[in-house]
Amino acid sequence: MAKRKTFDDSATEQDSEEGIITGESSSEDDEFGEVQQEFEFFDPQTPWDFEGFKRLLRQLFDVDSTSFHLGAIADLILAQPLLGSTIKTEGNESDPHAFMTILNLEEHKDKPVIQDLTNYIRNRAETSPKLSPIKGLLNLESSSQLGLILTERWVNIATELIPPMYRMLLEEISWAIADKEPYTFTHYLIVSKTYLAVPSLLNEDTNRPKKKMKPKAKQGVDEGKSMYYFHPEDEVLERHATHFGSFDYIKQAAQGESGSKSTFHDFGIKQRGHLILIEAAKFGSAVKEMETEFSSQPTVPDATMEES
């Protein structure tokens with residue numbers, strides 16, 4: 001099942017019928033002409049998305065992904081196909097390039113993989129004063145109802161495509177509540193990731209000229225180090241959050257690994273987990289601000305369904 005797309009007047013009739021979002025190249029590619037990329041939104045689907053979800057979950061949790069049964073998480077996502085979205089570029093049966101879902105921690109509390117996730121989040125929250133209040137919401141005696149939002153994408157997915165996924169998720173949650181399904185939450189907890197710029201082994205070459213980092217960073221965190229976002233929309237979510245912060249992974253990468261995988265000339269990266277807690281009453285406003293900040297043409301899709 002594909003999610004119906006809504007386009008502005010500039011979209012062609014053929015594009016509207018096929019439900020395709022066409023992206024343009026970055027400024028770096030302008031000299032080679034415009035690059036067209038077609039993106040389509042789909043519901044999670046068992047026949048084709050299982051392995052893709054596992055790969056994206058592995059990327060989301062990074063070195064700590066081995067702490068979880070990723071297949072069991074993928075099964076939970078696929079068991080609720082009317083909640084959440086995927087983005088694909090080669091049709092319904094291709095691998096997802098992005099996904100977003102929400103899991104009810106209370107509803108699935110007896111499942112081993114949810115217990116593993118809950119214990120992991122509780123453990124990591126204890127390591128940061130900014131995140132420590134989250135631990136209380138995860139206690140069995142807490143009356144709070146947490147919806148755990150998991151989302152990840154490949155690097156070719158533009159940030160402008162993410163706000164529609166959040167808006168569709170909110171619509172789908174409202175429909176589920178209307179159908180008396182257990183998706184009434186007091187808070188949403190988003191799992192994400194950030195990174196710090198750290199000296200790379202490449203810096204041992206004293207003859208190499210030093211270059212500056214270009215990505216936007218948040219200053220004054222982690223003892224003066226600069227924090228960078230893998231997901232730029234997280235900055236918008238944080239402006240509406242009750243609590244947010246980064247944490248070190250339990251399983252640190254081997255020494256020097258950041259140098260070998262560095263995407264920057266003279267810097268490595270230290271990847272970290274990130275949590276954002278938002279009250280349910282404020283989440284809609286956060287999504288609206290996200291849509292405004294990352295707005296693009298054609299217009300974003302709604303969650304109305306059509307046969308694929």
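Modeller: Buried means under 20% relative accessible area, exposed means over 50%, and partly exposed lies in between (1.4 Å probe, protein chains only). This is a predicted model: local features need pLDDT of at least 70, side-chain atom pairs count only at pLDDT 80 or more, and totals for chains, interfaces and linings use all residues. Residues are numbered from 1 along each chain as its sequence is written, and side-chain values use heavy atoms, leaving out hydrogens and water.

Biologist: What share of the residues in the protein is buried?

Modeller: Start with the secondary structure: nine helices and 12 strands. These are DSSP runs numbered from the N terminus, helices (H or I) of at least four residues and strands (E) of at least two. The protein has 308 residues, and the buried share is 48%.

Biologist: Among contacts between residues at least 6 apart in sequence, what percentage joins residues at least 24 apart?

Modeller: Contact means heavy atoms within 4.5 Å. Take the contacts between residues at least 6 apart in sequence. The share joining residues at least 24 apart is 78%.

Biologist: How far does helix H6 reach from its first C-alpha to its last?

Modeller: H6 covers residues 162–178, 17 residues in total. Its expected span is 1.5 Å times one less than its number of residues, which comes to 24 Å. The model is close to that, at 25 Å.

Biologist: Which residue just after H6 takes a positive phi?

Modeller: Within H6, the buried residues include Ile162, Pro163, Tyr166, Arg167 and Ala176. Just after the helix, phi turns positive, at about 65 degrees. The residue is lysine 180.

Biologist: Which residue of H6 forms a salt bridge with glutamate 171?

Modeller: A salt bridge is a side-chain nitrogen of Lys or Arg within 4 Å of a carboxyl oxygen of Asp or Glu. Glutamate 171 is partly exposed because its relative accessibility is 22%. Its partner also lies in H6, four residues away, about one turn of the helix. The N to O distance is 3.0 Å, and the partner is arginine 167.

Biologist: Which other residue joins Arg167 and Glu171 in a salt-bridge network?

Modeller: Arginine 167 has a relative accessible area of 18%, so it counts as buried. Together with Glu171, it belongs to a network of salt bridges. The remaining member is Glu291.

Biologist: Is methionine 290 buried or exposed?

Modeller: Methionine 290 sits in helix H9 (residues 280–293). Its C-alpha is 6.0 Å from that of proline 163, although the two are 127 residues apart along the chain. Not counting residues up to four places away in sequence, it touches Pro163, Tyr166, Glu233, Val236 and Leu237. Its relative accessible area is 0%, so methionine 290 is buried.

Biologist: Which residue forms a salt bridge with glutamate 233?

Modeller: The closest N and O atoms of glutamate 233 and its partner are 2.7 Å apart. Glutamate 233 is in the loop between strand S9 (225–229) and helix H7 (234–238), while the partner is in strand S6 (residues 146–153), 80 residues away. Both residues are buried. The partner is arginine 153.

Biologist: How many salt bridges does a search of the whole structure find?

Modeller: One more pair is arginine 239 with glutamate 293, with closest N and O atoms 2.7 Å apart. Arginine 239 is in the loop between H7 and strand S10 (243–247) and glutamate 293 is in H9, so the pair ties together parts 54 residues apart in sequence. The whole structure has a salt-bridge count of 12.

Biologist: Arginine 124 is buried yet has no salt bridge, so what is the distance to the nearest side chain of opposite charge?

Modeller: Arginine 124 is in helix H4 (residues 112–125). Lys and Arg count as positive and Asp and Glu as negative, with His and the chain ends not counted. The nearest side chain of opposite charge is aspartate 64, at 5.4 Å.

Biologist: Which residue's side chain makes a polar contact with the side chain of arginine 124?

Modeller: A polar contact is a pair of N or O atoms within 3.5 Å; within protein, one must be able to donate a hydrogen and the other to accept it, and residues adjacent in sequence count only if both atoms are side-chain atoms. The backbone oxygen of aspartate 248 lies 2.7 Å from a polar atom of the arginine 124 side chain. The side-chain partner is at 2.6 Å, and it is asparagine 123.

Biologist: Which residue's backbone oxygen does the side chain of lysine 88 reach?

Modeller: Lysine 88 is in strand S4 (residues 85–88). It counts as buried because its relative accessibility is 0%. Its side chain reaches a backbone oxygen at 2.6 Å, that of asparagine 92.
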